[in-house]
Each structure stands twice: as structure tokens, then as C-alpha cells.
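Please read these points with the model open beside you, taking one region at a time.

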Amino acid sequence: MEALLITIFVIAYAAIAFEHPLKINKSVPALIGAGLLWTIYAVSAGQVNAQLSETLSSTAQIVFFLMGAMAIVEVIDAHDGFEIITDKIKTTRLVTLLWLVGLVTFFLSAVLDNLTTTIVMISVIRKLLGRRDDRLFFAGIIVIAANAGGAWTPIGDVTTTMLWIGGQITALKIMEGLLIPSLVNLAVPLLVVSYAFRGKTVVAPAKAEADHGNQRTPAFERSLMFYAGIGILCAVPVFKTLTHLPPFMGILFGLGLLWLLGELIHRNKPEDAKQHLTLVAALQRIDMPSLVFFTGILLAIATLEHTHILSALAHWLDTTVGNQAAIVSLIGLASAVVDNVPLVAASMGMYPLEQYPADSFIWEYMAYAAGTGGSILIIGSAAGVAAMGLEKIDFFWYVKKISLLALLGYIGGAAVYVFF
């Protein structure tokens, strides 16, 4: 049975990795793989409902959290809230703009998530840069910054969120342990690109391209929804610490409060004027295929955990490689080729909490490696895939221009964490 389960999982995994050449959404192999794996496991082992219920409970917590966070971000965006950030970025030097965009992306990703932040910041550089070559370089830096920024907080990256919800890390410890390595991960590429961009000036887009649409959200509503939404996202770790309830309860509670706030401030507007601003509309815009993918891949990984395949793999790595830092570093590099969500899910099954308690070296370094290693290739992270689609970035252009920068940043941050 184990050989059959591994074969099906590898085929599903390959289909996920080659989503774009195959032109089949990665949710498809994730769901089919999960269905086949659980079916074979149930037929071979008999009664598995208790294990499936346990897996569904942990999976649902992650999916509900992501759904709530995505909806809050969509509400902020519908109210033009992110213009509060873009309106403050004013410079004529390309190097200065590079650092501003990089640092804003880094810290925004820590509060939101790397996928959403990438989408927001690429829309920002479109308003600021007229030359396509400049935008492509900035898009590459945004991918690196978004992944680095998402790695050091429990809500900034799906993989870090998974480790947080699973009990492998705690909010304050992960922030304390990974802030400096993540900054180094960003600073190294910024320094290299700054040298290449020295003396260059910002070429703004044509006015007709920069300005679009006449209907703007009133300044009060824009500010209120932006700060309320960001405040709710930032309050989730505090909620978990004070109540000891899982994070999805905090995000759903906050979603309800934001929903109520929106209903109150728009209650006297005509239906057609407020429809796109409501949370109902935001829920329709969230990335449901990604949520379905996470559900499928986490359910698929769980079968390998319950059949002890992952624990056997962990034992093999420990005896063959031996060094924990080397093992996690390899997992981080692998996340450049394949999706980091199943990699982290597999690692969580490979190393039990009883043996590796919360905030152990392996979990903190796993959050860094899986979160930032995906920047090395553009298909290695959700942020990279989003940038690829938005700016039509060629895979091999990214390999030639950005991959080495991302690898240098990855090695620099890893060295800081492991040796200092």
C-alpha cells in the first residue's frame, strides 16, 4: 500500500509543480490526489473516519483563517485603502524608490500575506514606473521582499501560519527569531541591484496610464477601513495569546466587526453605490481556487502522515544527512521548485511535536527556509506566480536576472540565523 500511496502522491505533486505547462489548475491534482489517497487508505486499513475527522479539523482551521484574511484585504482594497501607502511614495531617484518599495513590501507582507502584498505593490509600481524593464526588476524585488516579510510573522505567509496554527511556533518567538535573517534576505539583493541602478532616475508613466477612474472613496471611509482592517489583522496574534483560542476564531471575529463597520458607514447609500464596497462582494472576490488547493494538498499529505511514511522519511534524512540545518536548508531550496505548502505540511508530519517542541530550531528555521526559498524561482511561491501573471514575466528572464539575487539573500539570511 505504501508504494502505491507514494506513487500517487508523486504524480499529483508533479502535476502541481507543472501547473502552467500542463494548463491544469493545481487544485485539480490536489483534490484528485487527496480523494485517491484517502480511498486507498480506507480500503486497505479499514475504519479511518476518526483520523479523517482529526485531519479535517486542522485543515479547516487554516482554510477559515485564510478566507477571513483574504476577505479583510479585499474590503480594504475596495475602499482604495492601499492608496494611503502609495500616495506617500514620492522620489525621483530609482535607487531610493527601490528601497522604499522593498521595505514597504517587506513590512506590509508581514501584516497581510505575501500574495496579497505582491498584487498591491505591483499595482503601485505601475503607477510609479513607466519603463517596463524597471518594472520587471522591481517586480522581482517585490517577490523577494514579500516572501522575506511573510516569513517572520505568523500571519505573513501560509507556511508560517500553518506552523503557528499547528503549535510548532509562537507569535513572539518567531518574530524575534526571524526578523533579522529576513531583513538580511532582502537587504542583500537590494544592495546588489542598488549598485546596478546607481544614477538612474524614475521615469513616470504617462498621465493617461497613471490615472484611471473618477469615482473615489471618500478620504474618511478610505482611512477608516484601512486602519480598521490592518488593526484587526495585527490583533489576531494578541487574541490568540489572551484567549488561547485558535487564530481562525480571531480572524472570523474581526471579520464580523469589519462587516458591521461597513454596514454602518454605508447604510444610507443607494444599493448600486455601495454594492462593491460590502463584505458580501469581498467574499465573492477572494481566491477560492487557492483555498481549495490548500484543502486538497493538506488532506493528501495527511495520509502519508497516518501511514507513517513521513516518519520513515524523517528517519532516513536524519541517518543520511544528519544535520538538522542542512536538512531544513534542502527543504527551503526544494521549495523553489515545488510548492512550499505541501513541503511544510510534510515536515510537520515528519517531526512530531513531542520530540520537537514549539519554537525549536527546526521549526523557526523551517519557517524561514520554506518562506524565502521559494523566491529563487518565480514558480516557487504564490507571490512569484502572481507577479509572473501580472507583469508577464518570462521564467528564464527571472532565472537570469533575479534567481541569483534571491539565492544570495537566502544564503545570507540562513547564515545569520544558523551561526548568529
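1. Axes here are lines fitted to C-alpha atoms, for helices over the stretch in contact, and angles run from 0 to 180 degrees between N-to-C directions; helices are DSSP runs (H or I, at least four residues), numbered from the N terminus. This is a predicted model, in which local features need pLDDT of at least 70, side-chain atom pairs count only at pLDDT 80 or more, and totals for chains, interfaces and linings use all residues. Residues are numbered from 1 along each chain as its sequence is written, and side-chain values use heavy atoms, with hydrogens and water left out.

2. Helix α10 (residues 171-196) packs against helix α22 (residues 395-419) at an angle of about 145°, and their axes are 8 Å apart. Among the residues that meet, with contact taken as heavy atoms within 4.5 Å, are Gly-177, Val-184 and Pro-189 of α10 and Leu-405, Gly-409 and Tyr-417 of α22. By class, this contact of α10 with α22 has 13 nonpolar, five polar and no charged residues, where Ala, Val, Leu, Ile, Met, Phe, Trp, Tyr, Cys and Pro count as nonpolar, Asp, Glu, Lys and Arg as charged, and the others, Gly among them, as polar.

3. Leu-163 is found in helix α9, and its relative accessible area of 0% means that Leu-163 is buried (under 20% relative accessible area, with a 1.4 Å probe and protein chains only). Beyond its neighbours within four places in sequence, Leu-163 is in contact with residues including Gln-168, Met-348 and Trp-363. Leu-163 and Ala-358 are 195 residues apart in sequence, yet 9.2 Å apart in space, C-alpha to C-alpha.

Technical notes: Helices (H or I, at least four residues) and strands (E, at least two) are DSSP runs, numbered from the N terminus. Buried means under 20% relative accessible area, exposed over 50%, partly exposed in between (1.4 Å probe, protein chains only).
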